[in-house]
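Notebook open, model on screen. I want to jot down how a few helices and strands sit together, one entry at a time.

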Amino acid sequence: MHKTGQSEIIPRAAEACLEELEAIAWAYVRRVRELTGYAETVIDDAELYGTARATLELLLELLRGRERHEELRAHSVEVGRSRARRGIPLESLLRAVRMDFRFLWEAMRAHVPEEDFPGFSEEVISIWEAVELHTTHVQTGYTDEIARMRAELELEHAFLLRHLLSGFGTDARLHAQAAEALGLDPDGVHIVLVANENHARDFRGWVGEALPGAFLLRLDGVEFAIVPAAEVTDAAREALATRPVGISPSAHGIGEIAEMWRLACELAKWARDGAAARFEDHWTRLAGARLGVVAEAFARDVRSSLGRYSQREIDLQIETVETYYEIGSITEVARAMFCHRNTVINRLRRFAEATGLDVAKPVDAAAAHLALSAFR
């Protein structure tokens, strides 16, 4: 930039260029159109011209020795912010901005007498300094705007995610926006995985390795993933079966994801290292929690009906019943409990006589399973 004590070559050339500003600005627009990211569908000629004219005018005023630094800074920052909002790549933007130097050099050189060329060349650094000052402010505005946009996007995603997982919203438009923002098929089938809180740090690594197509998310400190069911292969299921995660049944459509997320969160509490928690393994716990007082009352009735026996006999009956509905074979139960099969038969008979629940019948076995889970 022009400083006191330097020749008047640069200021005179800058003043002459101000009189040709319109032509210089349009020449700049034509050249910028050749850069990637500057298609007319993104930014039109009128806006490009207006920005170019304002920028070149401020730069030329600086080179004339006028104090326009604050105006240039504000203008340059807004250019950077505007281009970020338009989605123009930073590399393309900086190439366009640095083209100002070439245009100013060529335009000003045309107004420098031949005998002043050596002096003009020596002072070219002032043009470069002015353009670099503009470039620095543009880049600052661009990066600040990108950071702001990312923060807004994160807030928007969090809002849409909360709406989706609340299960209370009925706004189809917001459901569609949430699906789009999260990359979900609104009509697809998905499975929800939630990390056990003690193993949240490693969750993303496990899921990313087993299910590369999973949508990894975090909300209120909970690490979870929404996975297209079609991508959950047998190999993926086998890999996840040993991880401390809660695994939901399938959610059919975007509207069912909230309930499956809540279910997977509950299951995750019972997951442990070496064993995932699935609905089929813990349905009695879930049912008991949802039935609340009803389940507790039923469990008390079953427990009190065993009151005629000693505590040891009660414990043996319960252990036998639980082992039976896990194995399903009296002979195998006897082998597992190191006793005679007649002993197993007698314990099951006494349990049925006392409680009215014959665990050889699937319906009674399910009721006994619920009651004994409530005991625990």
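Before the helix pair, a reminder to myself: axes here are lines fitted to C-alpha atoms, for helices over the stretch in contact, and angles run from 0 to 180 degrees between N-to-C directions. Also worth writing at the top: this is a predicted model.

**Entry: α3 and α7**

I looked up how these two helices pack. The angle between α3 and α7 is about 135°, and their axes are 10 Å apart. That makes α3 oblique to α7, since angles over 145 would be needed to count as roughly antiparallel. The crossing of α3 past α7 is right-handed.

Next I checked who touches whom. From α3 (residues 45–63), I find Thr55, Leu59 and Leu63 meeting a set in α7 made up of Ser126, Ile127, Ala130, Val131 and His134. The spacing on the α3 side reads well to me, because an α-helix has 3.6 residues a turn and residues three or four places apart point the same way.

**Entry: Thr55**

Is Thr55 buried or exposed? I get a relative accessible area of 4%, so Thr55 counts as buried, the cut-off being under 20%. Setting aside neighbours within four places in sequence, I list His75, Asp100 and His134 as the contacts of Thr55. His134 I had already met as part of the α7 side of the helix pair.

**Entry: α8**

I then moved on to α8 (residues 172–182), where the buried residues are Leu174, His175, Ala178, Ala179 and Leu182. Looking down the axis of α8, I see them within an arc of 140°, so they line one face of the helix. On the face turned away from that buried side I noted two exposed residues, Ala172 and Glu180. What do the buried residues of α8 pack against? They pack against α7 (124–166) and β2, which brings α7 into my notes again. Right after α8 comes Gly183, with a positive phi near 75°.

**Entry: the strands**

β2 led me to its partner. β2 (residues 215–219) pairs with β3 in the antiparallel sense over five bridges. In their hairpin there are two residues between the strands, and Asp220 takes a positive phi near 55°. I wrote down two facing pairs: Phe215 opposite Ile226 of β3, and Leu217 opposite Phe224 of β3.

β3 also pairs with β1 (residues 189–195), again antiparallel, through five bridges. Here Val194 stands opposite Phe224, so I have Phe224 facing Val194 in β1 and Leu217 in β2. As for burial, six of the seven residues of β3 (residues 222–228) are buried, so the strand is largely enclosed by the rest of the structure.

**Entry: α15**

Last one. In α15 (residues 330–337) I find Val333, Ala334 and Met337 buried. Down the axis of α15 these fall within an arc of 100°, so they too line one face of their helix. Their cover includes α14 (311–327) and α16 (341–355). After α15 comes Phe338, and I noted its positive phi near 55°.

Notes:
Residues numbered from 1 in each chain as written. Predicted model: local features only at pLDDT ≥ 70, side-chain atom pairs only at ≥ 80, totals over all residues. Heavy atoms only, no water. Buried < 20%, exposed > 50% of the residue type's maximum accessible area, 1.4 Å probe, protein only. Helix = DSSP H or I, 4+ residues; strand = E, 2+ residues; numbered from the N terminus. Arc of directions from axis to C-beta. Contact = heavy atoms within 4.5 Å. Pairing = 2+ DSSP bridges. Parallel < 35°, antiparallel > 145°, perpendicular 65-115°, else oblique. Left-handed = near helix turned anticlockwise from the far one by under 90°.
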